[in-house]
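Here's a walk through one protein model, written for someone who'd rather be at the bench. Have a look at the fold before reading on.

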Amino acid sequence: MRKILTLLLSCFLALTATAQVGEHRNDFALGVNGGYALTNIGFVPRVSQGMHGGITAGLSARYVCEKYFSTICSVQAELNYTQMGWKESILDDEDNPVINEATGLPEQYSRTINYVQLPVMAHLAWGREQRGAQFFFQLGPQFGYWLSESTKTNFDFAERNRTDRVNPVCAQDTMAVEHKFDYGIAAGLGMEYSVPRVGHFQLEARYYFGLGNIYGDTKRDFFSKSNMSSIIVKLAWLFDITRTKR
């Protein structure tokens, strides 16, 4: 983790240092963003899962420091509320839903974990700055903190179907999140369209890979790994606060 953070810090410092070489910019924009996040947890031992869906929304800020040849260099940060978690696939050996003997229904279980998140990313773009479209790539660290969690299920844990499950691991069903601080790496690709005096509209697909675990990972703990990963699609609107005179 220290090596990764050191590398990312070096990238930011290099981005700032090259500002003396390219065309200087002093553009600052604020805005809002919203989208949808598909998440699962990398449990070891393995837990069969689908993708957990949840909303994400928050504030965006971007500072453009230079244009280096055709590359527009900036830093973009967000402060978001995001619903993450996991949704279990409770199946038998033939990939059929497991029926609960007490209810007669297919067993279902999902956990929603609510976070406040702070991604801070190097933002590189190519295209038009003031009017028209541009393509962008961004990469950087993301930090999150647990706010709350909730469970949705249709069976009593003590009366679960133990016999037919192809994946018997279910300790996570009764375990609250132990590590409330989350951190990892976020990377995204997207398009931006700028309209003078209206703002900048961004459409982005982003991937987040968690480097921390939500549960303890010592030899005494049940899970040796329990990190999050998410695919996020979001829209953002940013409006200019300051802009370099051309």
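Is R197 buried or exposed? With a relative accessible area of 84%, R197 is exposed, because exposed residues are those over 50%. Keep in mind that this is a predicted model.

**The overall layout**

The protein has one helix and nine strands. Starting from the N terminus, the order of elements is α-β-β-β-β-β-β-β-β-β, so the helix comes before the strands in that order. Along its principal axes, the C-alpha trace spans about 70 × 35 × 30 Å. Out of 246 residues, 43% count as buried.

**What sits inside**

In soluble globular proteins, nonpolar side chains tend to be buried together. Here, the largest nonpolar core has 22 residues, and W86, I113 and I214 have the most contacts inside it. Strands β1 (23-44), β4 and β5 each supply at least two residues of this core. The largest share comes from β5, which brings in four residues.

**Charged pairs**

Side chains of opposite charge can pair when their charged atoms come close. In this model the count comes to 11 salt bridges. Here are three of them:

| Salt bridge | Closest N to O distance |
|---|---|
| R206 and E78 | 2.9 Å |
| R111 and E149 | 2.7 Å |
| R243 and D240 | 3.5 Å |

Take R206 and E78, which meet in a salt bridge. This pair links distant parts of the chain, with R206 in strand β8 and E78 in strand β4, 128 residues apart. Both partners are buried: R206 is, and so is E78.

The salt bridge between R111 and E149 also links distant parts of the chain: R111 is in strand β5 and E149 in strand β6 (residues 132-153), 38 residues apart. How buried or exposed are R111 and E149? R111 has a relative accessible area of 3%, so R111 counts as buried, the cut-off being under 20%. E149, at 24% relative accessibility, counts as partly exposed.

For the salt bridge of R243 with D240, both ends are partly exposed: R243 has 30% relative accessibility, and D240 has a relative accessible area of 34%. Beyond single pairs, there is also a network of salt bridges that links E23, R25, K67 and E129.

**Out on the surface**

Which residues form a negative surface patch? They are D93, E94, D95, E101 and D164. One of them, D95, is found in the loop between β4 (71-88) and β5 (109-127). D95 is exposed because its relative accessible area of 58% is over 50%.

**Backbone oddities in the loops**

Three loops are worth a look for their backbone geometry. In the loop between β1 and β2 (49-50) you'll find P45, and a cis peptide bond joins V44 and P45, with omega at about 5 degrees.

Next is F69, in the loop between β3 (52-68) and β4. Phi of F69 is near 55 degrees, which is a positive value in a residue other than glycine. F69 is also exposed, with a relative accessible area of 69%.

That brings us back to R197, which lies in the loop between β7 (181-195) and β8 (199-210). Like F69, R197 is a residue other than glycine with a positive phi, and for R197 the value is near 65 degrees.

Definitions and conventions: Residues are numbered from 1 along each chain as its sequence is written. This is a predicted model: local features need pLDDT of at least 70, side-chain atom pairs count only at pLDDT 80 or more; totals for chains, interfaces and linings use all residues. Side-chain values use heavy atoms; hydrogens and water are left out. Patches are made of residues with over 30% relative accessible area and no salt bridge: like charges are joined within 9 Å, nonpolar side chains (Val, Leu, Ile, Met, Phe, Trp, Tyr) within 5 Å. Accessible areas come from the Shrake-Rupley method with a 1.4 Å probe; for residues, only the protein chains shown count as cover. A salt bridge is a side-chain nitrogen of Lys or Arg within 4 Å of a carboxyl oxygen of Asp or Glu. Lys and Arg count as positive and Asp and Glu as negative; His and the chain ends are not counted. The place of a charge is taken as NZ of Lys, CZ of Arg, CG of Asp or CD of Glu. Buried means under 20% relative accessible area, exposed over 50%, partly exposed in between (1.4 Å probe, protein chains only). A nonpolar core is a set of buried Ala, Val, Leu, Ile, Met, Phe, Trp, Tyr and Cys residues joined through side-chain atoms within 4.5 Å.
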